[in-house]
Amino acid sequence: MAPVFTGNWFNFGRNPSAAGPAGALQITGGTKTTHGSYTVHTFLGPGNLEITGGPGSSLPSVAFLLVGGGGGGATGNSNEGAGGGGAGGVVKHPGYTISGPGTYAITVGEGGGHAPDSGSVGEDGEDTTFVASPTVTYTAKGGGTGSFLTGENGGSGGGGGGASQENPGGSATQPTISNPGATNYGNAGGMGIHMAPSTQTGAGNGAGGGGAGAAGEDGTARNGGPGSTSCTPAPLGGDGIAIDYRTGSGATYATGGEGGAGFDTNCPNVSKTANTGDGGDGSNPNSPSATPGASGICVFRFPNTVYNG
């Protein structure tokens, strides 16, 4: 969604005190909830955060969270598992100052689709954004898809697959994004390990996708080889990160997807919870289907002393 900046909805470049009061302060957009001494607006899809009325001054100490959509899991062949999807990147700001009145465009990234066919890759997750001004857009990058070969780059990188050679995971792009005053979280996907020789530790296993809290684990974390490939340890996806802005308790976001096992080993896959930014699980044709990545989220947490004018 392309933001449009018109009229007096924005006070960029103006003295806030020059904007006269227009009734009581009102903040709308997303889903409104409260916890403790905070009021929260959560966006599970695209929309606008709108601030109207009030004295026309700035609203300080607004914490916000952006999570990109997770990358989809890939599918290997009968001998080699594929990599898990990388989680969406995470942007955490501890206390932003929002100018009011104003209308601020929000996009929430969809999760990437899974790979339905043998030896195929999924889709990258989409970005989540907050247009804070005409010159500043905060961005949480979508996660990279897992792969049969080299994992894709993304907010967190997708896991490498077990085909043909040792295949590295994708790199994390989130740490390279300019998000002023915020902390970026994203990690690389793990390395997939090839099937030959059959006695090699981890032979044929896809790697885990990167998570916001840790890189994905390599395929060598599991045993591998005909008749000996294991589904444990599991999962191989990188850890997510717990952030309490939405509910006051530490919900976990952006966990990397599981890597698929080699040699037709049947390992379970898990459907991802919407609006977590988790990466999808990789697979092989004898296991349950690879899974899509989860959609992202955008959360604004206002102190009640600010929210109530």
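**View 1. Lysine 141 and aspartate 127 make a salt bridge, with 3.0 Å between their closest N and O atoms.** Distant parts of the chain are linked here: lysine 141 comes from the loop between strand S9 (137–140) and strand S10 (183–185), aspartate 127 comes from the loop between S7 and S8, and the two are 14 residues apart. What you're looking at is a predicted model, where local features need pLDDT of at least 70 and side-chain atom pairs count only at pLDDT 80 or more, while totals for chains, interfaces and linings use all residues. Residues are numbered from 1 along each chain as its sequence is written, and side-chain values use heavy atoms, with hydrogens and water left out. A salt bridge here takes a side-chain nitrogen of Lys or Arg within 4 Å of a carboxyl oxygen of Asp or Glu, and that rule gives three of them. Helices (H or I, at least four residues) and strands (E, at least two) are DSSP runs, numbered from the N terminus. Lysine 141 is partly exposed at 25% relative accessible area, and aspartate 127 is partly exposed too, at 29%. (Buried is under 20% relative accessible area, exposed is over 50%, and partly exposed is in between, with a 1.4 Å probe and protein chains only.)

**View 2. Glutamate 258 and arginine 222 form a salt bridge, their closest N and O atoms 2.7 Å apart.** This one also ties together distant parts of the chain, 36 residues apart: glutamate 258 is in the loop between strand S12 (251–253) and S13, and arginine 222 is in the loop between S10 and strand S11 (241–243). Both glutamate 258 and arginine 222 are buried.

**View 3. Lysine 272 pairs up with aspartate 281 in a salt bridge, at 2.8 Å between the closest N and O atoms.** The two ends sit in unlike surroundings: lysine 272 is partly exposed, with a relative accessible area of 24%, whereas aspartate 281 is buried at 3%.

**View 4. Seven rings gather in one aromatic cluster: Phe43, Phe64, Tyr96, Tyr104, Phe130, Tyr138 and Phe300.** Rings of Phe, Tyr and Trp (its six-membered ring) pair if their centres lie within 6.5 Å; planes under 30 degrees apart are stacked, over 60 edge-to-face, and the rest tilted. Over the whole structure, the search turns up 11 aromatic pairs. Phenylalanine 43 and phenylalanine 300 form an edge-to-face pair, 6.2 Å centre to centre with 85° between the planes. That pair bridges distant parts of the chain, with phenylalanine 43 in strand S3 (residues 38–43) and phenylalanine 300 in strand S13 (residues 297–303), 257 residues apart. Phenylalanine 43 is buried, at 2% relative accessible area, and phenylalanine 300 is buried as well, at 0%. Phenylalanine 130 and tyrosine 138 count as stacked because their ring centres are 6.0 Å apart and their planes are at 15°. Phenylalanine 130 and tyrosine 138 are both buried.

**View 5. Glu110, Glu123, Asp124, Glu126 and Glu152 form a negative surface patch.** A patch takes residues with over 30% relative accessible area and no salt bridge, joining like charges within 9 Å and nonpolar side chains (Val, Leu, Ile, Met, Phe, Trp, Tyr) within 5 Å. The areas come from the Shrake-Rupley method with a 1.4 Å probe. One of the patch members, glutamate 123, is in the loop between strand S7 (102–107) and strand S8 (128–131).

**View 6. Two peptide bonds leading into prolines are cis.** As background, most residues other than glycine have a negative phi, and most peptide bonds are trans. The bond from glycine 100 to proline 101 has omega near -5°, and proline 101 is in the loop between strand S6 (90–99) and S7. For alanine 234 to proline 235, omega is again near -5°, this time with proline 235 in the loop between S10 and S11.

**View 7. Serine 61 and alanine 254 each show a positive phi of about 60° without being glycine.** Serine 61 belongs to strand S5 and is partly exposed, at 42% relative accessibility. Alanine 254, by contrast, is in the loop between S12 and S13 and is buried at 0%.

**View 8. Glycine 53 is in the loop between strand S4 (47–52) and strand S5 (58–67).** Glycine 53 counts as buried, with 15% relative accessibility. The C-alpha atoms of glycine 53 and isoleucine 27 are separated by 8.9 Å, and the two residues are 26 residues apart along the chain.

Methods: Lys and Arg count as positive and Asp and Glu as negative; His and the chain ends are not counted. The place of a charge is taken as NZ of Lys, CZ of Arg, CG of Asp or CD of Glu.
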